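Could you walk me through this structure step by step? I have it open in my viewer and would like to know what to select next and what is there.

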Amino acid sequence: MSSQNEIEEKKKKKKKRNNKKQNHKQKNKTKDVEFNTRYEIQEGKRDPGKEDLDYIVAVYTKQLRKVLIPVAVTMLLVVLVIRTAYKDKPEEGAFNDIMVYNESDEDSAGFRFGGALLNAVIVIAVILVVTLIMVCLYMKGFDWILVGWVIFSVFIILTFYGLLTWLEIFQYLNKSLDWISALIVIINFGVAGTITITWKGAKIVNQIYLIIISVLFAAILSTLPEYTTWILLVLLAIYDLVVVLSPKGPLKMLVETAEKKGKPIPGLIYSSMVWFMSKLEKNKTKKKRKNEKKNEKKKTSSSSESNTSESDHFLQNNKILNSNSSESEENLIKDNHEIDKEESEENEKTPTKIKISKKKTKKKKKKDDNSSALLDHSPKLGLGDFIFYSLLISKAAYQDYTTVFTCFVAILMGLSLTLFFLALLQKALPALPLSIFFGIIFFFITSNVLVPMNSLLFQDHVFL
Amino acid sequence: MDPTIPLKEEEKESVCKKMWIIGFFGLPFVWFTMACYFWKEKHPKIRFYVFWGLVGFFTELLILVFWMGIFVSKRDSWGETGESLSAVLPVGTQ
C-alpha cells in the first residue's frame, strides 16, 4: 500500500518536474525532488527499483542531446577540415621522426603490424609514466605546475596549431593573407581562448573553444601512420577501461588528495553546464551536516567544487578524474613542440615519443553536488574523448564519405550506450571503449565491404 | 576547471575590470568575449566596460578589415613588400 502511495507521489512529482523543466534558468523547487531521489538512492535508503530506474533514465535521455551535439559538431568539423585542407597533402609523416618504427609500404603487413604495435605500446607506456608523474606532482602540492602547464599548452595549441590549420585552409581556398593580420587575429584568438577556458568565460564561448581545441588536436593527430593509429586506438580503449574500472590505483590516491585539498584537479572537461538553483535539502544525514559546516567555512573560496560532500565522494572523484583526462594531452603537446623544434633530440634513448598522454581518461560522469546551492547537472565528458572520437573519424575521412557516415553513426551509438549505462550504474564510466570498438568494426566493414559494393552498383547504375 | 562555476556578484566587477585591462594590449577579441559574458548585467560600471569594450572591438575590427582589403587588392602591385608580407601565396596570380 505504501508503495502505491510512493508511486503516486512520484508520478505527481514527475509531472511537476516535467512541466517546469523547460526553464533551466528559473530557480526550480522541483530540483529538490531530483536531489531527494538521487540522494536517497545513493544513500541506500531506497532501492533503485523499477520506478526509479525509469525516472533516472528519463532524466538522462533528456541530457543525451546535450552531450551528443557537441561530439557530433566536433566530428563534423574535423571531417570538414580534413576533407578540405589535409586530404591532398602527401602524407608527410610528421610523426616519423618521433616514432620508433616508421611505416612504409615496402614492408610486409606482418612487419608493419609489429612495428605499429611497438609504437602504440610505447605511447601507452609514456601515458602511464606521465600520469604517475602528474599524480605525484599533485600529491606533493605542486598543482600550480599543472595549472601553469594547462594554460601554456592551451595557448600553444590555439595559436600555433590554429595558425597552421588556418594557413592550410587558406592555401586550399587560394586566398592571400598577410602576416600582420594573421598574427593579430591568431594571437587574439589564442589569448581569448586561454582566458575563457582556464579562467572565466561565457558558457557558450567556453564550449566552442573546447570544440575548437579538440578539432585542432585531432587534425594534427590524424597525420599518424595508419597501422599505428588503429592499434593505438584499440590499446587506448583497453587502457581506459582498465584504468577507470579498476578498484585500485592512482585514481583513488588522486581523488583523496583532491578531496583533502578541496581544490579541483586542473584539467579540461567539456561540461554541458546546465545549472540549477535549489534549496538545500531538509533531510540530511550526519555526514552531510558535517560537510555543510565544512562548506560554510570554505565559503570564501569561490569554487563550489570545494564544497565536496562525502556523499558525492564517488561522483566528485569522477568529476575530478574527468577533468584530469584531457589535461595530459596538453602537457604532451608542449613536448611535441619541443621535439619538433629541437630535432637533435635523442629519441632513441628515452621512449619519449609522441606523448599523447591521457590520464585517468575519458570518464563521463554526472556531478551531483547536493550540498552546494548551485548544482551542475550535466553529464561531463573529458576532452580526450572528443579528440579520440575525432581521430577515428578523421581516419575515415581520409577514405570517403560513406565510411565517414557509418563511423559517425557508430560513435554516436557507442556514446549513447555509454550514457545509458551511466544512468543505470550511476558511477564513472569510460566513454572511450564502446564507441571505439563500434567505430573500428564499422570502419573496417564499411571500407572493405560496403564501399566496393557501392562502387560496383554505381557503375551499373543501381542506386540503393 | 574554473569556468564551470558561475560567478558570484561580488567578483563580477573585478573580473570585468581585469578583462577590460587585458583588452588594451592589442586584444580586442577579449573585449568581445567579455561582452558575451557580461551581457546581461545591470551594474552601471559593468555596462560601461561592456559598452566601451564593444565599441573598441568593432573599431579595431573595422580597421583590420580595411587593412586586409587593401592588402588583398594591392598585394600584386607592391612587388617585394607584398611578397614578404604574405603568409599565404595564392597560386595562379600574376
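Here is a short tour of this predicted model, starting with chain A and then moving to chain B.

**Stop 1: the annotated spans of chain A.** Select residues 67-86, 116-137, 144-167, 179-197, 204-221, 227-245, 401-425 and 431-451 of chain A. An unreviewed UniProt entry annotates these residues as "transmembrane region".

**Stop 2: two of those spans up close.** Begin with residues 67-86 of chain A, which are 100% helix and 0% strand. From one end C-alpha atom of residues 67-86 to the other is 27 Å. Now move to residues 179-197 of chain A: here, too, you will find 100% helix and 0% strand, with 26 Å between the end C-alpha atoms.

**Stop 3: the fold of chain B.** Hide chain A and colour chain B by secondary structure. You should see 4 helices and 1 strand. Follow chain B from the N terminus and the order is α-α-α-α-β.

**Stop 4: the outline of chain B.** Turn chain B around in the viewer. Its C-alpha atoms fill a box of roughly 60 × 30 × 20 Å along the principal axes. The radius of gyration of chain B is 19 Å, whereas a compact globule of 94 residues would have one near 12 Å.

**Stop 5: inside and surface of chain B.** Switch on a surface. Of the 94 residues in chain B, 39% are buried. The accessible surface of chain B is about 5,900 Å², and carbon and sulfur atoms account for 66% of that area.

**Last stop: charges.** Select the charged side chains of chain B: 10 are positive and 10 are negative. The centres of these two sets are 8 Å apart.

Conventions. Residues numbered from 1 in each chain as written. Chains lettered and ligands numbered in written order. Predicted model: local features only at pLDDT ≥ 70, side-chain atom pairs only at ≥ 80, totals over all residues. Heavy atoms only, no water. UniProt positions renumbered as here; feature names shortened; annotations may be inferred. Helix = DSSP H or I, 4+ residues; strand = E, 2+ residues; numbered from the N terminus. Rg over C-alpha atoms; globule rule 2.2 N^0.38 Å. Buried < 20%, exposed > 50% of the residue type's maximum accessible area, 1.4 Å probe, protein only. Areas by Shrake-Rupley, 256 points an atom, 1.4 Å probe, with all protein chains shown as cover. Lys, Arg positive; Asp, Glu negative; His and termini not counted. Charge placed at Lys NZ, Arg CZ, Asp CG, Glu CD.
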